[in-house]
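Q: I would like a close look at a single part of this protein, taken together with its surroundings. Please give one connected account.

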Amino acid sequence: AVEKNEFILYYQPQIELVSGRLVGFEALIRWQHPERGLLAPGRFIPLAEESDLIVAIGDWVTREACRQNAAWQRAGLPALPVSVNLSARQLRDRALVANVRDVLKNAALEPRYIEFELTESMLMENASTPANTIAELAEDGVSFAIDDFGTGYSNLGYLQRFPLHRLKLDQSFIRGITSNHRDAAIVRAVLSLAQNLGLKVLAEGVETSEQLAFLRAEGCQEIQGYLISHPLPAEKFAAMLASTAPL
Ligand code: C2E
Ligand code: MG
Ligand code: MG
């Protein structure tokens, strides 16, 4: 699929609650399969992650996301960071730092316009490569977020050890915030933890205005979810960027 150019990226907006402004967007891969149609990442990413195939796919995602973001900026659209999901093998890949620098240089994109999403388990591994890789890229100005926060190992030491910018609170907690007092308690606790550590929190999978109201009242900074928009193909997302109507 990499060789045949069958992968495409969809983009989902991220909104800041205080201002209602678009503050970034996540790149989400799809496979335009010749016979089976548009395949969601859940159908092929876990398989690719079992081998080094994920490194080639991940490199393509980073390159395409940066190319597209730079092209939008050159076209006069608002300059915003693009979030790219990183897999464990990519983070362990010794060539990652050099590759990312090369991609940014080729795209003529400033490092502050890319953020990598990592999962908790990737920071739990005791290897020094991930720590060095993250430190080097962060030094360049690249941002890092924790994806699906709350679903991994809850060893919170890494929140201090790594230069992180935000936590993406997993949608499994958001789903129940207005009906389940345990989910509400977890969300409140994460918001307070993040606030004390100086990290922003983005709530993932926000689908209803009740969830939005709860998150706003509890001081969550950012949201992403179907309530705002589904992930969109590039042309549709560009139209949204061009209008950037506040919430
Ligand atoms: P993720 O990074 O946590 O991405 C969020 C997923 O939630 C996306 O699914 C998105 O479409 C979905 N979503 C967004 N808003 C809502 C909502 O309001 N309700 C619900 N029910 N779902 C919502 P998607 O695109 O199918 O991606 C699934 C996962 O596949 C991603 O989870 C990520 O872990 C992985 N993935 C996607 N693209 C890449 C990639 O380029 N590289 C790697 N390594 N993984 C990727
Ligand atoms: Mg993600
Ligand atoms: Mg997530």
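In strand 9, which residue is the bridge partner of Ile15?

A: The bridge partner of Ile15 in strand 9 is Ile223. The model is a predicted one, and the account below begins with strand 1 and its pairings.

Strand 1 spans residues 7-16, and eight of its ten residues are buried. Its pairing with strand 9 (residues 222-223) is antiparallel and rests on two bridges. Strand 10 (residues 232-233) is also joined to strand 1 in the antiparallel sense, again by two bridges; here Tyr11 has Leu232 as its bridge partner. With strand 2 (residues 22-33), strand 1 forms nine bridges, and these two strands run antiparallel. One of the bridge partners in strand 2 is Gly24, which is matched with Gln14. Strand 1 and strand 2 make a hairpin with five residues between the strands, and in this hairpin Gly20 adopts a positive phi near 75 degrees.

Strand 2 also contains Glu26. Glu26 has a relative accessible area of 3% and is therefore buried. Its side chain makes a polar contact of 2.8 Å with the side chain of Asn85.

Several aromatic features can be considered next. Phe7, Trp31, Phe44 and Trp60 belong to one aromatic cluster. Arg30 is placed over the face of Tyr10, 5.2 Å from the ring centre.

Arg30 also leads to ligand 1, since a polar side-chain atom of Arg30 lies 2.8 Å from an oxygen atom of that ligand. Gln12 provides a further contact: an N or O atom in its side chain is 3.0 Å from a nitrogen atom of ligand 1. A polar side-chain atom of Asp148 lies 3.1 Å from an oxygen atom of ligand 1. In total, 21 residues surround ligand 1, and the closest are Arg30, Ser87, Asp147, Glu207 and Tyr226.

Asp147 and Asp148 lead on to the metal site. The magnesium ion (ligand 3) has protein donors from Asp147 (OD), Asp148 (OD) and Glu204, the last of these listed with two OE donors, at 2.1 to 2.5 Å from the ion. Along the chain, these donors follow the spacing D-D-x55-E. Asp147 lies in strand 6 (residues 143-149), whereas Glu204 lies in the loop between strand 8 (200-203) and helix 10 (209-217), so the pair ties together parts that are 57 residues apart in sequence. Both Asp147 and Glu204 are buried. Asp147 also bridges the magnesium ion (ligand 3) and the magnesium ion (ligand 2), which are 4.1 Å apart.

A further link across the sequence is found among the aromatic residues. The whole structure contains eleven aromatic pairs. Among them is the tilted pair of Trp72 and Phe237, with 5.5 Å from centre to centre and 45 degrees between the planes. Because Trp72 lies in helix 2 (residues 53-74) and Phe237 in helix 11 (residues 234-243), this pair ties together parts that are 165 residues apart in sequence. Trp72 and Phe237 are both buried.

To return to the starting point, strand 1 pairs in the antiparallel sense with strand 2, with strand 9 and with strand 10.

Notes: Residues numbered from 1 in each chain as written. Chains lettered and ligands numbered in written order. Predicted model: local features only at pLDDT ≥ 70, side-chain atom pairs only at ≥ 80, totals over all residues. Heavy atoms only, no water. Buried < 20%, exposed > 50% of the residue type's maximum accessible area, 1.4 Å probe, protein only. Helix = DSSP H or I, 4+ residues; strand = E, 2+ residues; numbered from the N terminus. Pairing = 2+ DSSP bridges. Donors = N, O, S within 2.8 Å, 3.2 Å for Na, K, Ca; no water. Phe/Tyr/Trp six-rings, centres within 6.5 Å; stacked < 30°, edge-to-face > 60°. Lys NZ or Arg CZ within 6 Å of the ring centre and 35° of its normal. Near = heavy atom within 4 Å. Polar contact = N/O pair within 3.5 Å; in protein donor to acceptor, adjacent residues only side chain to side chain.
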